[in-house]
Amino acid sequence: MTNYCIVTYAKKGREDYIKAMWRMIGSALDRNNPNVDVLYCVDYCGEQEENVVEAIHREYGIFKDEWIHRLIRVPSSEVPDHIEIPYGFKPALINKAIEYGYQNVLWCDSTIYFHKNTWETSLWSIIEISGIVSTENLGYPLMNWITSEAMDVLGVPEEKRLSEDVKQITACWIGFSFNNKTALSTFYDWFVYGSVKKQDGGIFSDHQSEELSELPRLPFKSHRHDQAVLSWLMYERGFPVLPYGSIFCYYDVKNQYDTSDNIIFTNRGIYQ
């Protein structure tokens, strides 16, 4: 058992996120020190399951024997169903990592790809110093991407509901250091919000009142589930949101932002 863990999830669906996840895990194991483990959950939805060693070797190109001891699988039955609670699996799996004893956790979507060693680039130090950290979802302030219902539950004051100062994070990666007590309590608030189904007032779920309204709240566009909720909690409690392109960007613009060899990981999508 180490003190550092990368957490991820994939489910069989319209796109092959499971294929992307094996590639992500391969890059994570290859470009991290041996003291960084990977906790993952994969849902084949009843279809034939793959051998993890063969799958990672196929999608990443290599598999080292010592990697198998750094992998922890959580059954899909132990996390909320994505249909009932959109993205509720994220805080649920991070909570599993806490239960295993990890103090520093890096959430990564299945489409993330590591280009550099997180240890050598001090990513884990950034996480430990910050408590909770992600990058800005550039051009997408929170006011456009959160429902009034969610803001009511979260207690967002009126003066902040139309404020471009409240940034939205790119929740495809989020770092947590649970040695920070405020980070731990903020995570548990997010975890509780992510445990409530829509019919019970859950705010990870879409609420149709604004989408279907003849006079929707402007400038509302859509609700971003876990990302919207955590964006507000991080803003409210003073956690840093790093500039987009500082250590992370999307794969197709990597050359634009990686001017000083600064990009640690990208969101590579499924087919790139």
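Let's start at a pair of aromatic residues: Phe248 stands opposite Phe265 in strand E10. What you are looking at is a predicted model, and this pair is a handy way into one of its sheets. Three bridges join strand E9 to E10 (residues 265-267), and these two strands run parallel. Step back a little and you will find an open sheet of three strands, ordered E5-E10-E9, with mixed pairing. Strand E5 (112-114) and strand E9 (248-250) take the edges; each has a single partner strand, so one side of each lacks a neighbour in the sheet. From one strand to the next, the twist averages 25 degrees.

Now let's move to helix H3, which covers residues 89-100. Its 12 residues, at 1.5 Å a residue, should span 16 Å, and the end C-alpha atoms are indeed 16 Å apart, in agreement with that expectation. How much of H3 is buried? Of its 12 residues, 10 are buried, so the helix is largely enclosed by the rest of the structure. The buried residues run from Phe89, Lys90, Pro91, Ala92 and Leu93 to Ile94, Asn95, Lys96, Ala97 and Ile98. Around them you can pick out the packing partners: strands E1 (4-11), E2 (36-43), E4 (104-108) and E7 (173-177), together with helices H6 (181-193) and H8 (225-237). Just after H3 comes Gly101, with a positive phi near 105 degrees.

Leu93 of H3 deserves a closer look. Beyond residues up to four places away in sequence, Leu93 touches Val7, Thr8, Tyr9, Leu39, Cys41, Val74, Val79 and Trp107. The largest nonpolar core has 43 residues, and Leu93, Ile174, Phe176 and Trp190 are the ones that touch the most other members. Two or more residues of this core come from each of E1, E2, H3, E4, helix H5 (148-154), E7, H6 and H8. There is also a second, separate core of 41 residues, whose members include Met21, Ala28, Ile56 and Ile112.

Finally, follow the chain into the loop between E7 and H6, where Phe178 sits. Is Phe178 buried or exposed? With a relative accessible area of 5%, under the 20% cut-off, Phe178 counts as buried. Setting aside neighbours within four places in sequence, Phe178 is in contact with Ile94, Ile98, Tyr102, Gln103, Val105, Ala183, Leu184 and Phe187. Two of those contacts, Ile94 and Ile98, bring us back to the buried residues of H3. The C-alpha atoms of Phe178 and Asn104 are separated by 6.2 Å, although these residues lie 74 residues apart along the chain.

Note on methods. Residues are numbered from 1 along each chain as its sequence is written. This is a predicted model: local features need pLDDT of at least 70, side-chain atom pairs count only at pLDDT 80 or more; totals for chains, interfaces and linings use all residues. Side-chain values use heavy atoms; hydrogens and water are left out. Helices (H or I, at least four residues) and strands (E, at least two) are DSSP runs, numbered from the N terminus. The expected span of a helix is 1.5 Å times one less than its number of residues. Buried means under 20% relative accessible area, exposed over 50%, partly exposed in between (1.4 Å probe, protein chains only). Contact means heavy atoms within 4.5 Å. Two strands pair if DSSP finds at least two bridges between them. Axes are lines fitted to C-alpha atoms, for helices over the stretch in contact, and angles run from 0 to 180 degrees between N-to-C directions. A nonpolar core is a set of buried Ala, Val, Leu, Ile, Met, Phe, Trp, Tyr and Cys residues joined through side-chain atoms within 4.5 Å.
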